[in-house]
Each structure stands twice: as structure tokens, then as C-alpha cells.
Amino acid sequence: MGEPSWQELLRLRLVERNSKESSFAPIIEQYRRLAQQTKLLKERNASLLKAVGSVRANPSSSTVYVPGTGEDNPVRAAYMASLESQISSLRDELATVYKTQGQNAQRLLSMNETLREKEELSRADTDNLRQARDEVSVLRKKVEQHSELMAEKDRTAQILHDEINTLQLELGQIEERNATLTKDNAKLLQRWLDAKQVEANKMNEANEFYEDIKSRHQNVLSWREGSQGDANSSLGIAVNNNAETRSLSAGGSVSGNGSANGETTTPGTKGGTPSPAKGVVDLTPNG
């Protein structure tokens with residue numbers, strides 16, 4: 001906090017001076033009144049002493065006042081003058097007292113009004129304080145409930161954090177297992193591809209071998225068909241001649257394995273066409 005300005009400093013010093021001076025104001029007022037009374041008493045004593053002196057100077061005069069005479073007793077006159085001065089001073093004091101009393105009454109009225117306003121303010125402040133205390137109690141309950149709720153949330157968060165750590169560990173293990181399975185799957189796939197490649201190579205070799213055997217078998221069949229055709233033609237001429245000779249001698253009877261039409265069958269033929277040999281190789285796809 002900074003230093004106060006010179007105006008504020010001057011005001012504070014004036015207030016301090018006024019407070020110091022006003023602290024001795026009642027004493028000063030009492031001394032003023034005592035000085036005034038002392039002055040009045042001195043004037044009365046002086047007038048009395050003067051009257052006594054005049055009486056001593058004229059011994060023939062009587063000091064006793066006789067009613068009906070034209071002369072006044074000087075002592076009595078001085079005393080009356082002092083009393084009148086005291087009455088006038090007392091009247092002035094009474095007027096001052098009345099004035100002060102009126103000011104005090106006005107001040108009392110203002111103070112009563114201020115007191116009434118202060119009481120109303122105090123009542124309003126009391127009501128506000130009561131409401132504030134009620135609100136504070138409600139807020140304290142809410143704070144306690146919030147603290148309990150936050151504690152419960154902290155416990156739940158700790159449990160969830162532990163579960164997350166556990167799940168992360170499980171996830172790491174699963175990822176490691178998946179990586180291992182991926183490697184094993186890649187190895188198995190490569191082995192399967194290699195095995196399939198070997199099987200494909202064997203199938204190709206078997207197909208080539210089958211085609212070679214088939215071509216060889218076709219060549220053998222072609223060669224056999226050519227050689228059997230020549231043999232059948234020469235044999236058919238000889239059989240026909242013999243058949244004619246036998247029919248002439250035996251009356252058309254057929255002997256042996258010959259047919260009624262004079263046709264002969266040779267083993268290994270079907271309808272004059274040699275049957276294919278059962279030498280086909282049965283190969284599996286695996287070779």
C-alpha cells in the first residue's frame with residue numbers, strides 16, 4: 001500500500017489537532033466561567049469597599065437605611081448593583097443554558113432519528129446476517145456433499161485408472177500375441193505356398209509324364225492298327241478260299257471259331273477295331 005497523498009496527510013493532521021484541542025474544551029469553558037464570576041466578584045467587592053470608604057469618610061451618616069428618607073445607603077446601593085450584575089450574568093448564563101439545551105434537544109432528536117435509522121439498519125443487518133448464516137450452513141452442507149462426491153469420484157477414478165493399466169497390460173500382451181501369431185501365420189502361409197508350389201511342380205511333371213505316356217500309347221495303337229490291318233487282309237483271303245472249298249465238300253458247314261457270315265474275330269479287337277490297352281497311368285494331383 002502506497003504512502004498517503006499530501007492532502008490526506010494534511011487532513012489527518014488537522015483532525016488530530018482538532019481532537020487534541022476539543023479534548024480540553026470543557027476545562028477551558030469552566031475556567032472562562034470562573035474568570036467571569038471572579039471578575040464580577042471583584043467588581044462587587046470593589047463597589048462595596050468604595051461604599052464602606054465613603055461611609056468612613058462621612059461618620060455622621062448612618063449606615064442603617066431608614067425607609068422614607070431621600071438618601072440611599074451606599075452599601076446597599078453597591079450591594080444592589082452587584083446583585084443586579086450577578087442577575088444579568090445569570091440571565092446571560094441561563095439564556096446560554098437554554099440555547100445549549102435547545103441545541104442539545106435538537107441534537108438529541110437528530111441522534112434519536114439516527115439511532116432509529118441505525119436500529120433499522122442493525123435489524124436489516126441482523127436479518128441479512130441470519131440469511132447469510134443460513135446460506136453459509138447450506139453451502140457448508142453442499143461443500144461437504146461435494147467433498148464426499150469428489151472423494152467418491154477420486155476412488156472411482158483410481159479404480160478406473162487401475163483397470164486401464166490392467167487393460168493396457170492385457171492389450172500389450174494381446175498385441176505381442178498377435179505379432180507372434182502374425183509371424184507364425186506368415187511362416188505357415190509361406191510353407192503352404194512352398195508346399196503348393198511343390199505340388200504344382202509335381203502336377204506339371206505328372207501332366208507332362210501323362211501326355212508323354214498318352215502320346216506313346218497313341219503311337220503304339222497307331223502302329224498296331226496298321227500292322228493288324230495288313231495281317232487281317234491276307235488272312236481273310238486265305239479263309240475265304242478255305243471256306244469255299246469246305247462248303248463245296250461239306251455242304252456249307254462252318255467249323256471252328258468262324259462265324260456264320262464267314263467273318264472272324266481276333267482277340268483284342270472290337271467290331272474290327274482293336275480295343276485300347278488298359279495301361280493308362282492313374283495319377284493323383286499330388287503325383
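**Entry 1. Glu-113 and Arg-116**

I began with Glu-113, which is joined to Arg-116 by a salt bridge with 2.1 Å between the closest N and O atoms. I note here that the model is a predicted one. I then asked where the two residues sit along the chain. Glu-113 and Arg-116 both belong to helix H3 (residues 74-250), and because they are three residues apart, about one helical turn separates them. I also looked up the exposure of each partner. Glu-113 is partly exposed, at a relative accessible area of 35%. Arg-116 likewise counts as partly exposed, with 38% relative accessibility.

**Entry 2. Lys-196 and Glu-199**

I moved along helix H3 to Lys-196, whose salt bridge is with Glu-199. The closest N and O atoms of this pair are 3.4 Å apart. I recorded 4 Å as the cut-off for a salt bridge. Lys-196 and Glu-199 are three residues apart in helix H3, so about one helical turn lies between them. For Lys-196 I found a relative accessible area of 36%, which is partly exposed. Glu-199 is also partly exposed, at 28% relative accessibility.

**Entry 3. Arg-11 and Glu-8**

I turned next to helix H1 (residues 6-23), which holds both Arg-11 and Glu-8. Their side chains meet in a salt bridge, at 2.5 Å from N to O. The spacing is three residues, about one turn of the helix. I checked the exposure of both residues. Arg-11 has a relative accessible area of 43% and is partly exposed. Glu-8, at 31%, is partly exposed as well.

I added a general remark: side chains of opposite charge can pair when their charged atoms come close.

**Entry 4. Network and total**

I asked which residues are linked in a network of salt bridges. I found Glu-29, Arg-32 and Arg-33 linked in this way. For the structure as a whole, I recorded ten salt bridges.

**Entry 5. Nonpolar surface patch**

Finally, I looked up which residues form a nonpolar patch on the surface. The members are Phe-24, Ile-27, Ile-28, Tyr-31 and Leu-34. Together they present about 570 Å² of accessible area. I followed one member, Ile-27, and located it in helix H2 (residues 25-57). Is Ile-27 buried or partly exposed? Its relative accessible area is 44%, so I entered Ile-27 as partly exposed. A patch residue needs over 30% relative accessible area, and the 44% of Ile-27 is consistent with its place in the patch.

Terms used
Residues are numbered from 1 along each chain as its sequence is written. This is a predicted model: local features need pLDDT of at least 70, side-chain atom pairs count only at pLDDT 80 or more; totals for chains, interfaces and linings use all residues. Side-chain values use heavy atoms; hydrogens and water are left out. Patches are made of residues with over 30% relative accessible area and no salt bridge: like charges are joined within 9 Å, nonpolar side chains (Val, Leu, Ile, Met, Phe, Trp, Tyr) within 5 Å. Accessible areas come from the Shrake-Rupley method with a 1.4 Å probe; for residues, only the protein chains shown count as cover. Helices (H or I, at least four residues) and strands (E, at least two) are DSSP runs, numbered from the N terminus. Buried means under 20% relative accessible area, exposed over 50%, partly exposed in between (1.4 Å probe, protein chains only).
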